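Reader: Hi! I'm new to this one, could you walk me through it?
Author: Happy to, let's take a look together.

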Amino acid sequence: MTATQFKQARVRMGYTQAKLAEALQLSRMTISRYEAGTWEVPLAVEMALVQLGAARIQMLGRVAAGGPIEPIPH
């Protein structure tokens, strides 16, 4: 993941550098260094960022599922 991709992912998820650092248990300066390209983004941080983004699924509506279906022995 490049520095630009890292920053774009952070912005797309709606995090500030400080909030992302808190969520990833890193310092804000570390996030800043990743975005500036001073430090390479480790694979573990990249995977954590992906998981963080996957956890924020927006619900758009409700689905009526009906009653439970009981198993009927044959």
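**Contacts, rings and surface**

Author: Leaving aside neighbours within four places in sequence, Glu35 is in contact (heavy atoms within 4.5 Å) with Ala3, Phe6, Lys7, Arg10 and Gln17. This is a predicted model, where local features need pLDDT of at least 70, side-chain atom pairs count only at pLDDT 80 or more, and totals for chains, interfaces and linings use all residues. Residues are numbered from 1 along each chain as its sequence is written, and side-chain values use heavy atoms, with hydrogens and water left out.

Reader: Is Glu35 buried or exposed?
Author: Glu35 counts as buried, at 13% relative accessibility. Buried means under 20% relative accessible area, exposed over 50%, and partly exposed in between (1.4 Å probe, protein chains only).

Reader: Cool. How many aromatic pairs are there?
Author: A search of the whole structure finds 2 aromatic pairs. Rings of Phe, Tyr and Trp (its six-membered ring) pair if their centres lie within 6.5 Å; planes under 30 degrees apart count as stacked, over 60 as edge-to-face and the rest as tilted. Phe6 and Tyr34 have ring centres 5.5 Å apart and planes at 80°, so they are edge-to-face.

Reader: And which residues form the aromatic cluster?
Author: Phe6, Tyr34 and Trp39 make up one cluster. Phe6 is buried at 0% relative accessible area, and Tyr34 is buried at 6%.

Reader: Switching topic: what about Leu43, buried or exposed?
Author: Leu43 is exposed, because its relative accessible area is 58%.
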